[in-house]
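Subject: Handing over the model

Dear colleague,

Here is the structure I promised to pass on to you, with the sequence alongside. Please have it open while you read, since my notes below go through it place by place.

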Amino acid sequence: MRISKYPSRWLLVSTDRSSSRVIIDEDAAADGHLRVLHALEPISAEPHLAVTPPPTWAGDW
């Protein structure tokens with residue numbers, strides 16, 4: 001198993017196969033709960049999910 005250097009960075013794939021990079025709540029994850037804070041790009045099947053433009057560091061991710 002490979003542990004990510006950036007555990008709050010995930011790729012969310014929706015039921016219609018649309019996807020986006022997402023940021024999760026690290027504190028909630030530490031408690032065993034996966035909670036998406038926001039996506040970095042819109043996801044067509046998840047219109048309720050907040051979208052925040054990618055920060056500079058996300059260019060290589």
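Leaving aside its neighbours within four places in sequence, which residues is D25 in contact with? The answer is R35 and L37, and I return to D25 below, once the general layout has been set out.

Please keep in mind throughout that this is a predicted model. The average pLDDT of the chain is 84, and 85% of the residues score at least 70. Among the elements, α1 has the lowest confidence, with a mean of 85, while β3 has the highest, at 92. As a general caution, where pLDDT is low the predicted coordinates should not be read in detail.

The overall layout

The chain contains 1 helix and 3 strands, and, read from the N terminus, these elements follow the order β-β-α-β. Of its 61 residues, 28% count as buried. The accessible surface comes to about 4,700 Å², and carbon and sulfur atoms account for 55% of that surface. If one takes the contacts in the chain with a separation of 6 or more, 27% of them are between residues 24 or more positions apart.

The surroundings of D25

D25 is found in the loop between β2 and α1, and its relative accessible area of 18% is under the 20% cut-off, so this residue counts as buried. Its side chain reaches the backbone nitrogen of D27 at 2.9 Å, and a polar atom of the same D25 side chain lies 3.0 Å from the backbone nitrogen of A28. D25 also forms a salt bridge with R35, in which the closest N and O atoms are 3.7 Å apart. Because D25 lies in the loop between β2 and α1 (26-30) and R35 in the loop between α1 and β3, this pair ties together parts that are 10 residues apart in sequence. The two partners differ in their cover, since D25 is buried whereas R35, with a relative accessible area of 45%, is partly exposed.

A28, whose backbone nitrogen was mentioned above, lies in helix α1 and counts as buried at 5% relative accessibility. Not counting residues up to four places away in sequence, A28 touches H33 and R35, and R35 is therefore a residue that appears both in the contacts of A28 and in the salt bridge of D25.

The second salt bridge

The count of salt bridges comes to 2, and the other pair to describe is R21 with E41, where the closest N and O atoms are 2.5 Å apart. This pair links distant parts of the chain, with R21 in strand β2 and E41 in the segment after β3 (36-39), 20 residues apart. The contact between these two side chains, at 2.5 Å, is also a polar contact. R21 counts as buried at 17% relative accessibility, while E41, at 24%, counts as partly exposed. In general terms, side chains of opposite charge can pair when their charged atoms come close.

The loop between β1 and β2

Two residues of this loop deserve a look. Is R17 buried or exposed? At 74% relative accessibility, R17 counts as exposed, because that value is over the 50% cut-off. R17 lies in the loop between β1 and β2, and its phi is near 75 degrees, a positive value in a residue other than glycine. For context, most residues other than glycine have a negative phi.

S18 lies in the same loop, between β1 (9-13) and β2 (19-24), but S18 is buried, with a relative accessible area of 15%. A polar contact of 2.5 Å joins its side chain to that of D16. Apart from neighbours within four places in sequence, S18 is in contact with L12, V13, I43, S44 and A45. One of these, S44, is 26 residues away from S18 along the chain, and yet the C-alpha atoms of S18 and S44 are separated by 6.3 Å.

With kind regards

Definitions and conventions. Residues are numbered from 1 along each chain as its sequence is written. This is a predicted model: local features need pLDDT of at least 70, side-chain atom pairs count only at pLDDT 80 or more; totals for chains, interfaces and linings use all residues. Side-chain values use heavy atoms; hydrogens and water are left out. Helices (H or I, at least four residues) and strands (E, at least two) are DSSP runs, numbered from the N terminus. Buried means under 20% relative accessible area, exposed over 50%, partly exposed in between (1.4 Å probe, protein chains only). Contact means heavy atoms within 4.5 Å. A polar contact is a pair of N or O atoms within 3.5 Å; within protein, one must be able to donate a hydrogen and the other to accept it, and residues adjacent in sequence count only if both atoms are side-chain atoms. A salt bridge is a side-chain nitrogen of Lys or Arg within 4 Å of a carboxyl oxygen of Asp or Glu. Accessible areas come from the Shrake-Rupley method with a 1.4 Å probe; for residues, only the protein chains shown count as cover. pLDDT is the predictor's confidence in each residue, from 0 to 100.
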